[in-house]
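Please walk through this structure with me, one chain at a time, and then turn to the place where the chains meet. The text below moves from strand pairing to helix packing and ends with the interface.

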Amino acid sequence: MEFGIFMELSVPRPWTPASERQVYANALEQVRLADELGFDYVWAVEHHFLEEYSHCSAPDLFLTACAMQTSRIRIGHGIVPCVPQYQSPIRVAERAAVLDILSDGRLEMGTGRSATWTELGGFRADPDETKKTWDEFVRVLPKMWMQERFSWEGRAFSMPERAILPKPVQKPHPPMWVAVTSPGTEIDAADRGLGCLGLQPGGFSESEKKVNSYRARIENCDPVGAFVNNKVHTVNFLSCAEDGDHARRSGLKVASMFSYMASQLLSAKEVLPTHSYPSAGLLPALRRESGSPGDAAKSFKGVTMGTPDDVAGAIRQWEAVGFDGINFIHQFMEVVPQQYVLDSMRLFAEEVMPQFKVAPKSEPVAAGVR
Amino acid sequence: MPLAGSLDIRSLLEDAPTVTMSDRELHVDDVDILQVLYEIGFADLESLLPPALNPTIPPVITFLAYRARESAFGPFSLVQLRLSARAGVRPRAFLVSAFCDNPAATEELSTFWGYRIHPGGIQLRRFHDRVECSVVVDRRPILEVALVDPQPITGHDVQYPPGMHLARVEDAQGVRPRLVQVDTEYEFRRADRGRPELLTFSPEAWGNDRLVPTEPVSASFAACTVDIGALRYVCNPDLPASEGTERVGPSS
């Protein structure tokens, strides 16, 4: 199993220059520690306009800081919205290549398309188009990185022949992923040979079906890049302490706040009838349409909270489902003290992580399966 | 924490409907529904909603028009102005006000579900190139809204969040100000979506001159069966929904 940390960079009100700086400083401290402790990935989201929920609108800059302060951890740039109103794929390719250079070849490229009206509407992007533009972006990005010069006449963008520079350090190109929230996106991932970056903790049986269909499908995929990134990661909440009750209380604070804030977002599906978003996006299971307004967000089975034994037990269940990795959210809206987060990571690394560590996998090979 | 409503409900309570608690349900077989959404400005956003509700970012108003060809009260049309909200983790729509052209339907909807309804002349007309709705009060149009260039979709793609209606609720404990949650189920026969178009809107006629549309979002049309369920939940409007929600009805 691989383990990562997942950064939303949420900033509670009242916003001050000091509070945003503190959230970024705390996150960087967590990343440095994760690097020391042997976590495999740090992922930073890209969100826009999501008040409090995420102030991580320039993740490439944040991740550059991460890269410069670490030596080993892989740099997860994701999810990058592949929506031309947000950014040209040319700029995505260029910035990602720079990040790969500055991290000395540690970039992981996560792709996606946004799920909120807050973001899509803010850029006046058409939610009906985002699947199509995502598909075009993921096809052109590897070409931009691998070809000396590149030209394109497409639906989302066009360009005459130019050299897109610099080129990434990793050859043939950095591993590519797609965020999976909407049903069926795991199939899109498999068909294109992309890693499946689950952003939605769900039930074991539902997850197992998705993983199995991904694994079956990717065997005969037509990869968009030069190699297949056959990996399935999920997301979970990490809170690990010797006192299991304390760990669960702290972890549930984070999980509850995350779910509460996620439910405040205005999803694209909610305001625009579209086939393009068959689920409500983030954590739809936590926001049933009817029911009591007094209900709290519900937790889910397999949450990685408690003593090291509790956490290891939950991870074994996810491993049995077929996941290769888990990316942990361990802080949200600064609801638990920074010191608790660091202690939880340390205990996890000392007592849980070694139980799941295997010898490093071989490097990607051209046209092979990574 | 997310922004929370700060609306002082006292002024709205003066003409709020009085709801009699009951297990009343309403079934209407043949209803055309036009829903048009627009963003509004953020200014003083919190003061548009009672403290029980959280605003959405961005705030969105909805024109929700029903035309019932037949019902227990005969044909009627109802047009609601709703403001997007959250009650705890639930998507909800706060009813600002509504207009109806049938006094018996008005009485029923006000008494049992807390619809804040004024009388008005309503037309909801479906053409192949557009669906349009108008509301006229004292011979003055206060709303002219349309869906332009309809394209077929499935009913699953259309969402109508439950309404939260400010009312005086009358029960064994007396008369209390409450937000009543109105749960409505829809069985779709057809659905379309298209481009929203707003030709006339007088927000002051709907009770809040600050609800000024700024950005079109979407428009949908549906032909369906509508079932308004018996009230199940009411909220103290002055408390967060997580603290002030009560189960009501037979199983409470």
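In this predicted model, a convenient place to begin is strand S12 of chain B, which is joined by 2 bridges to strand S15 (residues 233-235) of chain B, the two strands running antiparallel. Within that short pairing, Val180(B) stands opposite Val234(B) of S15(B). Val180(B) also has a partner in another strand, for His165(B), which belongs to the pairing with S12(B), stands opposite Val180(B) as well.

That second pairing is the one between strand S11 (residues 163-171) and strand S12 (residues 174-182) of chain B, an antiparallel arrangement held by 9 bridges. The connection between S11(B) and S12(B) is a hairpin that passes through 2 residues. Besides the pair formed by His165(B) and Val180(B), one can pick out Ala167(B), which stands opposite Arg178(B) in S12(B). As a guide to reading such pairs in the viewer, side chains in a regular strand alternate between the two faces of the sheet.

S11(B) takes part in parallel pairings too. Strand S1 (residues 18-20) of chain B is joined to S11(B) by 3 bridges and runs parallel to S11(B), with Val19(B) having Val169(B) as its bridge partner. Strand S6 (residues 90-100) of chain B likewise runs parallel to S11(B), here over 2 bridges, and in this pairing Phe94(B) stands opposite Met164(B). Taken together, S11(B) is paired in the antiparallel sense with S12(B) and in the parallel sense with S1(B) and with S6(B).

Another part of chain B to follow is the run of pairings around strand S13 (residues 184-201). Strand S10 (residues 140-153) of chain B runs antiparallel to S13(B), and 9 bridges join the two strands; among the pairs is that of Leu143(B) with Phe201(B). S13(B) is also joined by 10 bridges to strand S14 (residues 213-228) of chain B, once more in the antiparallel sense, and here the bridge partner of Arg193(B) is Ser220(B) in S14(B). As to how confidently chain B is predicted, its mean pLDDT is 95, and 99% of its residues reach 70 or more.

Chain A can be approached through its barrel. How many strands form the closed barrel of chain A, and in what order do they run? There are 8 strands, arranged as S1-S2-S3-S4-S7-S8-S9-S12 with parallel pairing, and neighbouring strands of this sheet are turned by 25° against each other on average when direction is ignored. One of the pairings in chain A is that of strand S3 (residues 74-81) with strand S4 (residues 107-112), which is parallel and extends over 5 bridges; in it, Gly76(A) stands opposite Glu108(A) of S4(A).

Among the helices of chain A, H11 (residues 338-352) is worth following, starting with its packing against helix H1 (residues 17-37), where the axes come within 10 Å and cross at roughly 15°. Angles under 35 degrees count as roughly parallel, and H1(A) and H11(A) are therefore roughly parallel to each other. The crossing of H1(A) past H11(A) is right-handed. On the H1(A) side the contact is made by Asn26(A), Gln30(A), Leu33(A), Ala34(A) and Leu37(A), and on the H11(A) side by Gln338(A), Val341(A), Leu342(A), Met345(A), Arg346(A) and Ala349(A). By class, these residues comprise 7 nonpolar, 3 polar and 1 charged.

H11(A) also packs with helix H10 (residues 308-321) of chain A, at an angle of about 70° and with the axes 10 Å apart, so that H10(A) and H11(A) are roughly perpendicular to each other. The crossing of H10(A) and H11(A) is right-handed. Pro308(A), Val311(A), Ala312(A) and Ile315(A) of H10(A) meet Leu347(A), Phe348(A), Glu351(A) and Val352(A) of H11(A) in this contact, whose residues divide into 7 nonpolar, no polar and 1 charged.

Finally, the two chains touch through 28 residues of chain A in contact with 33 residues of chain B. On the chain A side, the elements that give two or more residues are helix H4 (117-122), helix H8 (244-264) and helix H9 (268-271), and the largest share, 5 residues, comes from H8(A). By class, this side of chain A has 11 nonpolar, 11 polar and 6 charged residues. The model as a whole scores ipTM 0.93 and pTM 0.93.

Terms used
Residues are numbered from 1 along each chain as its sequence is written. Chains are lettered from A and ligands numbered from 1 in the order in which they are written. This is a predicted model: local features need pLDDT of at least 70, side-chain atom pairs count only at pLDDT 80 or more; totals for chains, interfaces and linings use all residues. Two residues are in contact if their C-beta atoms, placed from the backbone, lie within 7 Å. Helices (H or I, at least four residues) and strands (E, at least two) are DSSP runs, numbered from the N terminus. Ala, Val, Leu, Ile, Met, Phe, Trp, Tyr, Cys and Pro count as nonpolar, Asp, Glu, Lys and Arg as charged, and the others, Gly among them, as polar. Two strands pair if DSSP finds at least two bridges between them. Axes are lines fitted to C-alpha atoms, for helices over the stretch in contact, and angles run from 0 to 180 degrees between N-to-C directions. pLDDT is the predictor's confidence in each residue, from 0 to 100. Angles under 35 degrees count as roughly parallel, over 145 as roughly antiparallel, 65 to 115 as roughly perpendicular and the rest as oblique. A crossing is left-handed if the near helix is turned anticlockwise from the far one by less than a right angle, and right-handed if clockwise.
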